[in-house]
Amino acid sequence: MEAFRKNESENLRANREGLKGWLNPTRYGWERLSYWLMRLTGLFLLLYFVGHVYETSSLVGGIDAWNSMLALTQTPGGHLFLILVIGTSTFHSANGIRLILAETARGLGKPGRPDYPYDAVSLNNRQRSGIWIALVLAAAAMFYGGSILFGGE
Amino acid sequence: MVYESCKGYGSETWIPLNKKTAGNDHQTVHDEGKQNVLLRVLRGDMFKKTKRSFSTFSVPVRRWTTVLDALIYAKEHSDSSIAIRFSCRMASCGSCGMIINGIPRLACYTKISELGYDTVTCEPLPNFPVIRDLVTDFQQFFNHHRHMEPYIENQYPVPREEALSEFKQTPRDIDNYLQFSYCIKCGLCYSACPTVATDTKFPGPQALSQAYRYSADNRDDAEKKRLDIVDNRHGIWRCHFAGSCSAVCPKGVDPALGIQLLRSHLMSISKTPKTLADLRKIDDDKD
């Protein structure tokens, strides 16, 4: 056992789940799914903002460079990408508000005396409703955005 | 597909377990009216550096058979070299935590009949170094726990002679921390936490909820010290409320709630009034 523990720095990472620990969102309920979506949408929006800065910086190349960059978003693929941006930003914002409230202990319930079957107070319907609302808002925003982009308004 | 109805105390009731099949080609075996399940155990030895692989055992199951019972049966009748850790068999010691069909659970607290599968897969808890088979090393886990100073600290235990009475707590005072004191340190929350999976310095849900447990106790006046411990870049801010810790906790501790309450204390937006210990200290300073 001592030999096992001597190499503690090596053991520190032994058997850690790593990234695959959060790649599967289906095991622990809605809150874990929300965590997974929050991360994915966050990463997607980060990439979008980098691309967005690059896109707007094309203005310094003159009107033609700007127009050619803008033309990329006028394709069906560009529209689908923008719809995805609308959906992810809506979910990230709505769920972010829920998390700000939850992480300041709002809407989580109070500690009490646990009884069988020991359901967690913090994983309550208020939190789940918040996740569902964020998902519905994202779907509605994507639908509305899609109707404008593909509807030709 | 119910095999036999219950005939009273002591009778054996067999229930169908093949609602879903988690395994691939396993067939449910019936031996004299008894039902068997396939028990798959992930084996491996850190000392011998052997490659980990599954061993499979056929185990007879009754309605009340727990996964721990099945493992002990396999150890007694098939392979005595299976390494498992257990003690109380009643979800009090927290020794037999393992991944059962993909979810961290206590083996003694998980009935096979309630799983609803005819294949039960047991793996060691992730995020803990594996010693052998299903036995994991809890040293890091306990180090994080110890780091939170999980005991009542009070610089002014008896400030004045008239205070030489019992330290009374109302039921409400007790409710503030009681559920967090039910933690059995089984490590299920630690293995389910997605932050622990990637950050070795993150204390984990158990340690953070224990920091709250002692800070919320009105006999304790070391809240500031504990808040300083958790307030760092690998500390409480790394929790993103995935809630998995609370979902797997077998004792209703709800570590996610404790962490969020501790965070609200840290941001000084808690509605919790000052603790009695603090009030006594202020009172004492006036004198």
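**Close-up views of chains A and B**

**View 1. Two sides of helix 1 of chain B in this predicted model.** Let's start with the side of helix 1 of chain B where Glu76(B) and His77(B) are exposed. On the other side the picture changes: along this helix, which spans residues 67-77, Val67(B), Leu68(B), Ala70(B), Leu71(B) and Ala74(B) are buried. These five lie on the same side of helix 1 of chain B because they cover an arc of only 160° around the axis. An α-helix has 3.6 residues a turn, so residues three or four places apart point the same way.

**View 2. Strand 6 of chain B, covered on both faces.** Here we look at residues 119-123 of chain B, and five of the five are buried. One side of strand 6 carries Thr119(B), Thr121(B) and Glu123(B), while the other carries Val120(B) and Cys122(B).

**View 3. Strand 4 of chain B beside strand 6 of chain B.** Which way do these two strands run relative to each other, parallel or antiparallel? They run antiparallel, with two bridges joining strand 4 (residues 97-100) to strand 6. To find your place, look for Ile100(B), which stands opposite Cys122(B) of strand 6.

**View 4. Where chain A meets chain B.** In this view, 34 residues of chain A are in contact with 43 residues of chain B. On the chain A side, the elements that give two or more residues are helix 1 (2-6), helix 3 (20-23), helix 4 (30-57) and helix 6 (76-103). Sorted by class, that side of chain A has 17 nonpolar, eight polar and nine charged residues.

Notes
Residues are numbered from 1 along each chain as its sequence is written. Chains are lettered from A and ligands numbered from 1 in the order in which they are written. This is a predicted model: local features need pLDDT of at least 70, side-chain atom pairs count only at pLDDT 80 or more; totals for chains, interfaces and linings use all residues. Two residues are in contact if their C-beta atoms, placed from the backbone, lie within 7 Å. Helices (H or I, at least four residues) and strands (E, at least two) are DSSP runs, numbered from the N terminus. Ala, Val, Leu, Ile, Met, Phe, Trp, Tyr, Cys and Pro count as nonpolar, Asp, Glu, Lys and Arg as charged, and the others, Gly among them, as polar. A residue is buried if 20 or more other C-beta atoms lie within 10 Å of its own, exposed if 12 or fewer, and partly exposed in between; C-beta atoms are placed from the backbone. Two strands pair if DSSP finds at least two bridges between them. The arc is that of the directions from the helix axis to the C-beta atoms.
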